[in-house]
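Dear colleague,

Please find below the structure that I am handing over to you. A short account of what was found in it follows.

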Amino acid sequence: GGGTWLSEFETLVGMDERLFGYAGYYTHASLSPFVKKSFVTYLRGKGYSTIAFYPTDGDFYNARPAFTRYGFERFVDVRGLGIKDHWRATDTQIAEAVIARGGLERLPEPFFAYVDFLENHAPHPCDHFKDASQFFTTFADTAAFGQNCELNEYIRRAKSTEAGFKRLLAFIGETRAGT
């Protein structure tokens, strides 16, 4: 579980964190001070406005300063989004908070909005399924109930991520229609 900041770094900077050994495991703290160019700075150079929405505290693993170094003009963390009990928030709830408090409808075009979802953050304990009849799918017949349950918990959360993403797309489509 954990290590979401690694994916953030890799997608925004375009470099594999493993190239940096142990320092690569704490990208926002150890590597971000050295970032000069990123996907975000490229987009800004092309005239995009940029904003990042982060469902945890901006001080968590140096996220706020790191995202600024990656090139974001604005950074909205859990406090700005008004999310309570963020570690238990669904991705749909995060999307709704971004819509309610993020100002997406007022962003100048073109824009790049980076929304971090949190629900599929590991681990994936088997909390939502009482028996195998509730599963979406299963591993091979030899897999234990617990393994299948964790797989299905991952799928359940991925469906929530999909719903949150679709909600954001629909909102942007609705508010940007005709512009």
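In this predicted model, strand E1, which spans residues 49-53, runs parallel to strand E3 and is joined to it by five bridges. Within this pair, Phe-53 has Val-115 of E3 opposite it.

The two strands belong to an open sheet of three, in which the pairing is parallel and the order is E2-E1-E3. Its edges are formed by strand E2 (74-76) and strand E3 (111-115), each of which pairs on one side only. From one strand to the next, the twist averages 15°. As a general point, strands of a sheet pair through backbone hydrogen bonds, in either a parallel or an antiparallel manner.

Phe-53 also appears in the largest nonpolar core, which has 19 residues. Together with Leu-81, Ile-83, Ile-94, Val-98, Leu-104 and Leu-168, Phe-53 is among the residues that touch the most other members. Two or more residues of this core come from each of E1, helix H5 (78-81), helix H6 (91-101) and helix H7 (145-176). The greatest contribution is that of H6, with five residues.

Val-98 deserves a separate mention. Leaving aside residues up to four places away in sequence, Val-98 touches Phe-53, Leu-81, Gly-103, Leu-104, Val-115 and Leu-168. Val-98 is thus in contact with both residues of the opposed pair described above, Phe-53 and Val-115.

Another core, of 17 residues, lies apart from the largest one; its members include Ala-52, Phe-72, Phe-75 and Phe-112.

Yours sincerely

Conventions
Residues are numbered from 1 along each chain as its sequence is written. This is a predicted model: local features need pLDDT of at least 70, side-chain atom pairs count only at pLDDT 80 or more; totals for chains, interfaces and linings use all residues. Side-chain values use heavy atoms; hydrogens and water are left out. Two strands pair if DSSP finds at least two bridges between them. Helices (H or I, at least four residues) and strands (E, at least two) are DSSP runs, numbered from the N terminus. Axes are lines fitted to C-alpha atoms, for helices over the stretch in contact, and angles run from 0 to 180 degrees between N-to-C directions. A nonpolar core is a set of buried Ala, Val, Leu, Ile, Met, Phe, Trp, Tyr and Cys residues joined through side-chain atoms within 4.5 Å. Buried means under 20% relative accessible area, exposed over 50%, partly exposed in between (1.4 Å probe, protein chains only). Contact means heavy atoms within 4.5 Å.
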